Amino acid sequence: MRSIASRMSVMSGEGALSVFARAKELESQGRSIIHLELGEPDFHPGPSVIESAAKALADGKDRYCPVAGLPALREEVAVYLQRTRKISVSGANIVIAPGCKAALFFAMMALLEPGDEVLYPDPGFPGYPSITLGLGAVPVPFELASRNHFQPDLSEIADKITRRTRILITNSPGNPTGTVYTDAVQRGLAELAVKHDLWVLSDEIYARIIYDGEYLSMLRYPRMPERTLIIDGFSKSFAMTGWRLGYTVAPPEVAAALSMMAINSYTCVAEFTQYAAIDALRDREGNTPRMVAEFARRREQFVHDLNKVPGFRCEPPEGAFYAWVDIRGTGGSAEEVCRILLEEAGVAAIPGAAFGPSGKDFVRFSFASSVANLKEAAARIMKVSAAWQGTLVGR
Ligand code: PLP
């Protein structure tokens with residue numbers, strides 16, 4: 001009988017994409033929509049990155065190329081990580097992938113047996129539990145609670161470790177909360193990983209987008225290099241979402257397994273994009289710091305404006321470009337609030353449950369949008385907040 005494999009029924013999509021689809025539908029009916037649902041910088045890579053891609057194409061760099069990525073790019077990633085994260089890895093530890101999501105997927109496929117347990121943050125990136133389930137493994141959420149300022153709770157995690165626990169996923173700065181894990185929390189997580197001999201999958205895709213202090217990679221803690229995989233890429237730090245470029249930093253035996261995954265799936269990442277990626281990492285034009293400075297300005301203004309909305313409460317995120325708003329004061333559910341925002345105010349945002357059950361009282365707004373858009377969005381939200389002041393509060 002012809003059928004779809006059962007693993008497909010346990011995987012799930014992303015809330016952001018369904019809100020985006022409805023927002024597009026409204027736009028096609030002539031409605032004005034401010035898109036704050038997608039996690040996509042409203043910047044583009046600098047001119048030298050575009051020129052490098054064009055030159056590589058003109059030079060015929062459009063062939064199959066090394067499976068793990070161009071040696072020059074892998075070396076450049078190592079230099080970049082030393083400069084920006086003070087970690088020492090060699091190009092041999094790095095495997096280039098078509099996006100962070102693919103890097104995450106292949107890393108989990110390389111490490112998990114059916115029935116293994118994966119500890120992951122809730123709320124968190126929807127791919128973590130979905131990929132886990134798709135591989136026949138068991139997702140085990142740990143809560144990022146507002147009472148803990150969205151930091152992982154070490155004792156909760158310790159209690160949830162069993163002999164089947166194989167991977168601990170960390171994501172700092174985190175999507176959707178914007179939390180940067182403290183040094184103490186990361187040290188504690190590293191100690192748990194060593195004690196229970198776990199793999200750590202450190203999703204560092206937002207590492208460059210932080211608003212205070214120095215970034216601490218999980219790889220910097222004792223005995224982490226032998227058990228940690230860093231997932232990172234070009235989508236957020238270099239505003240290159242559509243280029244589909246990511247990478248994994250892994251111990252040698254895992255890097256070899258990831259190359260085997262590449263051979264059996266994508267073969268290699270498009271050669272000319274890898275030349276452009278070298279240029280992006282060098283960032284001679286200062287594009288990344290300029291973009292982050294702009295996000296910092298927007299964060300300041302947008303969080304301030306959101307906190308003026310009746311029923312909304314938002315702590316300024318320490319990293320990434322999301323405002324994670326506690327909407328309990330509105331008296332309504334996040335789904336109701338998002339429906340009013342989209343249908344009546346033309347502001348697209350995501351109900352927090354899209355990031356896991358612990359997100360149910362929150363709404364995520366991306367502030368990777370112009371200051372003018374954010375000001376207009378805040379004004380529109382303020383206007384429709386009368387809806388929940390009149391009807392939702394006190395129900
Ligand atoms: N990890 C996190 C935490 C993300 O927020 C995202 C994208 O939103 C990804 C991974 C996937 O990134 P990419 O676009 O490189 O596949």
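In these exercises, contact means heavy atoms within 4.5 Å. The model is predicted: local features need pLDDT of at least 70 and side-chain atom pairs count only at pLDDT 80 or more, while totals for chains, interfaces and linings use all residues. Residues are numbered from 1 along each chain as its sequence is written, and side-chain values use heavy atoms, with hydrogens and water left out.

**Exercise 1: a loop alanine**

Place Ala-207 and work out which residues it touches, not counting those up to four places away in sequence.

Step 1. Start with the fold: Ala-207 sits in the loop between β6 (199-203) and β7. Helices (H or I, at least four residues) and strands (E, at least two) are DSSP runs, numbered from the N terminus.

Step 2. Check exposure. Ala-207 has a relative accessible area of 4%, so the residue is buried; that label means under 20% relative accessible area, with exposed over 50% and partly exposed in between (1.4 Å probe, protein chains only).

Step 3. Now list the partners: Arg-85, Pro-173 and Tyr-215.

Step 4. For a long-range check, take Phe-362, 155 residues away along the chain: its C-alpha atom is separated from that of Ala-207 by 23 Å.

**Exercise 2: two helices against the ruler**

Test the lengths of α4 and α5, then find their buried residues.

Step 1. The expected span of a helix is 1.5 Å times one less than its number of residues.

Step 2. Helix α4 (residues 71-85) has 15 residues, so it should span 21 Å, and its end C-alpha atoms are indeed 21 Å apart.

Step 3. For α5, with 12 residues, the reach from first C-alpha to last is 16 Å, close to the 16 Å expected.

Step 4. Buried in α4 are Leu-73, Arg-74, Glu-76, Val-77, Ala-78, Tyr-80, Leu-81 and Arg-85. Their cover includes β2 (94-97), β7 (228-233), β8 (246-249) and α10 (271-282).

Step 5. In α5, the buried residues are Cys-100, Ala-102, Ala-103, Leu-104, Phe-106, Ala-107, Met-108 and Leu-111.

Step 6. Look just past the end of α4: Lys-86 follows, and its phi is positive, near 55°.

**Exercise 3: cores and domains**

Which residues touch the most other members of the largest nonpolar core, and which domains feed that core?

Step 1. A nonpolar core is a set of buried Ala, Val, Leu, Ile, Met, Phe, Trp, Tyr and Cys residues joined through side-chain atoms within 4.5 Å.

Step 2. The largest one has 99 residues, and Met-108, Phe-234, Phe-312 and Phe-365 touch the most other members. Helix α5 (residues 100-111) gives the largest share, 8 residues.

Step 3. At least three of the core's residues come from each of domain 1 (6-44 + 287-385) and domain 2 (48-282). These bounds come from an automatic or database domain assignment.

Step 4. Taken over C-alpha atoms, the centres of domain 1 and domain 2 are 25 Å apart. Each side puts residues into the contact: 35 from domain 1 and 35 from domain 2.

Step 5. Zoom in on Phe-312. Leaving out residues up to four places away in sequence, its contacts include Val-325, Thr-330, Phe-365 and Trp-388.

Step 6. Thr-330 is in the loop between β10 (322-326) and α12 (334-345). At 0% relative accessibility, this threonine counts as buried.

**Exercise 4: polar contacts and the ligand**

Find the polar partners of two side chains, then those of the ligand's oxygen atoms.

Step 1. A polar contact is a pair of N or O atoms within 3.5 Å; within protein, one must be able to donate a hydrogen and the other to accept it, and residues adjacent in sequence count only if both atoms are side-chain atoms.

Step 2. A polar side-chain atom of Thr-330 lies 3.1 Å from the backbone nitrogen of Gly-332.

Step 3. In helix α3 (residues 47-58) you'll find Ser-52. A polar atom of its side chain is 2.9 Å from the backbone oxygen of Ser-48.

Step 4. Now the ligand: 13 residues surround it, and the closest are Asp-203, Tyr-206, Ser-235, Lys-236 and Arg-244. To be near, a residue needs one heavy atom within 4 Å.

Step 5. Go through the oxygen contacts. A backbone N or O atom of Cys-100 lies 2.8 Å from a ligand oxygen, and a polar backbone atom of Lys-101 is 2.9 Å from a ligand oxygen. Ser-235 uses its side chain, with an N or O atom 2.8 Å from an oxygen atom of the ligand.
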